[in-house]
Amino acid sequence: MAALLYRLGRFSACRRLRVLAAWVLLLALAVAGVAASGAKTDDEFRIPGTESQQALDVLEQKFPAAGGTSAQVVFRAPEGATVTTAAARAAIGEAVEAAATAPQVAAAIDPFTAGTVSPDGRVALAQVQYAVQRGELEDTAVDGLDRLLAPARDAGLQTVVGGDALGTTGVAVGPKELIGVVVALIVLLVTFGSALAAGMTLISALVGVAVGLAGLLSLTELITLSSTAPTLALMIGLAVGLDYSLFILSRHRAQLADGDDLDDSIGRATGTAGSAVVFAGLTVVIAMAGLSVVRIPFLTVMGLAASVTVVVAVAIAVTLLPALMGFAGERLRPRPGSRSARAAGAQAALDGGAHPAHAAPARPFGERWARVVVAKPLLTVAVIVLGLGAMALPARELALALPDNGSAAPESGQREAYDEISASFGPGFNGPLLVLVEGPGGREALQQAAGQAAAAVRALPNVVTASEPQLNEQGDAAIVQVVPGTGPTADETKGLVQAIRGEAGQLEARTGTTLAVTGSTAVGIDVSDRLGDALLPFACVVVGLALVLLLLVFRSVVVPVKAAVGFLLSVGAAFGVVVAVFQWGWLDAVLGVHTTGPVISFLPIIVIAVLFGLAMDYEVFLVSRIREDFVHRGDAHDAILSGSRHAARVVTAAALIMFSVFASFATSEDSTIKPMAIALAFGVLADAFLVRMTLVPAVLALFGRTAWWIPRWLDRVVPRVDIEGESLARQPQPAAPVPAGRSAS
């Protein structure tokens, strides 16, 4: 691996114009693909095989109007007035008739016909049913509906539009999200002490993100892409792109400071640090692609989308970055006397074994921290394990659900409508259930059976009302609308869905019909259940594959097991923070959390996938340097100190970059991205500083040389992968030239 990447790095540097032209052409093709496809996303959650989804598919065929998405129009009279006056009723009727003519609207139901007027007479609720699902709505559909409500507003009524049609529509990346890029640039400037090196790292990462995202969005005609998928891909692609370029470029500058030949240094940095980048990227890809184990299409696409940006980031790091290093030439070599040159000289002196008694250079903080850790390794392990374990305790109360308009931003129209409906009619009106009744016995028999079903449902706890059955034109299907007493994400609503499904068997045996519960609320419940059932198999598959990969890379039994245990501590603590903030309300005002309650149902799987991949990045970055020193020098204790000395600064910078990127997305008002970003931001800090830079050296010190033990039979079976550069060490070395040309400060 190292020899192959060495040749690739040198080739990219020598043929830098061709490499740069190839990436520019690829970016242009991807952008052209976006323009051709329109980059349209679809936020509809479809779970093939679930009862709610199967019933929803039947509704689309037999009740076209009921099978689409819907909007709710709230009419509110001023203080001291009611909506039941003749003038108000006429204005509302005119507005509802106009709403029925809006684009893609199948029907608009007058609140006085449906009986949806609040007991105090101040609020009326009209239902607008679309003929298509939310993902198929035209951009002007809801805006056109709002404009048609002018007659009601002219009559002095307040109007607001809510409902499923106005559900979360994705995340717009704005100035707040770009703060992370600015912070990342500052971290790079401090780390390198060179504007040129920092700029190259940022440019290569941004090119990778642009190519990956543009290529992904150009495929929206062929795949169903949720609006969350590009946002997740952007977060992951930007973070790993910066980290991978940082790791390789820092190795290159350190070698230049030691006096290495320019082209040889580019090749060696790509061969050694690039090998670690390739395997780190593989762990992220395995984790994200592992989302396909869940067998939920939109989640599979989300994971594959993030994988694409990671693959592009790795490709950029081992091809375009060496080309850019070739363009920069000697300007990347630290100037004699600069901070970077002094640091490299100190590293070289320490690697040469300078003794403290002979005026040894000051030891970097990474090594000083490692010395503290390995001095009392058992105590360190106990403190970290107990501390992270305590932080993970709230995770036992993690509650999951799909987001609804109750978690939207307080100033949004859909949130205003949601709150008004809850206050005037009850929270269940925001998420009614649909019971589908099918039977072959003819219209009269079906009418009778559906009536029995409605009566049975009315008798269940937590039911506010169950409508009279409505039959389709063919007379072979009927629907009953059920309004729960609790909101769409409440546990009591889930219990009601289970109770109706429990009653279905008896009703089917008695009437010969089939019953199914569907609607957006039932779909959300089924999604959460499917995700909960898939969590353990997913974790086993992803962690198992990554353990095999780490075994292959490090040829050790202890290192992969220790890496997995450390990850479990990090992810548990991240989930604990999510519960404390988003369910208990800790620091909610500081973090801009407007509503507490369940978090998005696929958060655990996404956070596990992303955080595991990033945790393995830090594991590979740090432990590969420790193993490299152990392979070359054979002293397990000194290898820990030397590896920490070389890698701690890079791991620290990488973690701060990751944190800044995720933290910038934590400013989003989107109820899907915000908890995910906060979980990842905290998880990255905990994993990098508490697990990888503290727990890992302590565990390696406890095991000593045994940490690198592997059974002989396994050693013979496992292929050898060279990421320490042993093959490069055996190659003849060119004479180091006297540094020439301009030097970077």
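Okay, one definition before anything else: when I say buried, I mean under 20% relative accessible area. And please keep in mind that this is a predicted model.

With that cut-off in hand, let's start with two phenylalanines. Phe425 and Phe429 are both buried. I'll come back to how their rings sit in a moment.

So, aromatics. How many aromatic pairs does the count come to? It comes to seven. Take Tyr244 and Phe621: the ring centres are 6.4 Å apart and the planes stand at 80 degrees, so this pair is edge-to-face. Tyr244 belongs to helix α11, residues 228–257, while Phe621 belongs to helix α23, residues 603–633, so the pair ties together parts that are 377 residues apart in sequence. Tyr244 has 0% relative accessibility, so we call it buried, and Phe621 also comes out buried, at 0%.

Back to Phe425 and Phe429, as promised. Those two form a tilted aromatic pair, 5.5 Å from centre to centre, with 45 degrees between the planes. And there's a cluster too: Tyr244, Phe247 and Phe621 form one aromatic cluster.

Two arginines also belong in the ring story. Arg89 lies over the face of Phe112, 4.2 Å from the ring centre. Arg16 does the same kind of thing over the face of Phe327, with 5.7 Å to the ring centre.

Now the core, where Tyr244 turns up again. The largest nonpolar core has 175 residues, and the ones with the most contacts inside it are Tyr244, Leu299 and Phe662. Which residues does Phe662 contact, leaving aside its neighbours within four places in sequence? There's a group made up of Met235, Ile236 and Ala239, then Val610 and Leu614, and finally Ala677, Leu680, Ala681 and Val684. Apart from the largest core lies another one, of 28 residues, and among them are Phe75, Ala77, Ile92 and Leu149.

Let's move to the sheet. If you follow the strands across, the order is β2-β3-β1-β4: an open sheet of four strands with antiparallel pairing. Which strands stand at the edges? That would be β2, at 105–109, and β4, at 158–162; each has a single partner strand, so one side of each is left without a neighbour in the sheet. Ignoring direction, neighbouring strands here are turned by 20 degrees against each other on average.

Zooming in on one edge, β2 and strand β3, residues 123–130, run antiparallel and are joined by four bridges. If you want a place to look on screen, find Ala108: its bridge partner in β3 is Val128.

Then there are helices on this sheet. Helix α5, residues 86–99, packs on it and touches β1 (70–76), β2 and β3, with its direction at about 165 degrees to that of β2. Helix α17, residues 413–425, packs on the sheet as well, touching β1, β3 and β4, and its direction makes about 105 degrees with that of β4.

Elsewhere there's another strand pairing to point out. Strand β6, residues 433–438, pairs with β10 in the antiparallel sense over five bridges. Within that pairing, Val437 has Leu515 of β10 as its bridge partner. Is β10 mostly enclosed or open? Four of the five residues of β10, which covers 514–518, are buried, so the strand is largely enclosed by the rest of the structure.

Next, a couple of backbone oddities. Gln104 isn't a glycine, but it has a positive phi of about 65 degrees. You'll find Gln104 in the loop between α5 and β2, and at 22% relative accessibility it counts as partly exposed. Leu587 is another non-glycine with a positive phi, in this case about 55 degrees. Leu587 is in the loop between α21 (558–583) and α22 (588–591), and it's exposed, with a relative accessible area of 55%.

Last stop, Thr493. This one is in helix α19, residues 491–511, and at 0% relative accessibility it counts as buried. What does Thr493 touch, not counting residues up to four places away in sequence? Its contacts are Asn462, Pro484, Thr486, Gly487, Pro488, Thr521 and Ile525.

That's my tour. Happy to go back to any of these on screen.

Methods:
Residues are numbered from 1 along each chain as its sequence is written. This is a predicted model: local features need pLDDT of at least 70, side-chain atom pairs count only at pLDDT 80 or more; totals for chains, interfaces and linings use all residues. Side-chain values use heavy atoms; hydrogens and water are left out. Rings of Phe, Tyr and Trp (its six-membered ring) pair if their centres lie within 6.5 Å; planes under 30 degrees apart count as stacked, over 60 as edge-to-face and the rest as tilted. Helices (H or I, at least four residues) and strands (E, at least two) are DSSP runs, numbered from the N terminus. Buried means under 20% relative accessible area, exposed over 50%, partly exposed in between (1.4 Å probe, protein chains only). A charge sits over a ring if NZ of Lys or CZ of Arg is within 6 Å of the ring centre and within 35 degrees of the ring normal. Two strands pair if DSSP finds at least two bridges between them. Axes are lines fitted to C-alpha atoms, for helices over the stretch in contact, and angles run from 0 to 180 degrees between N-to-C directions. Contact means heavy atoms within 4.5 Å. A nonpolar core is a set of buried Ala, Val, Leu, Ile, Met, Phe, Trp, Tyr and Cys residues joined through side-chain atoms within 4.5 Å.
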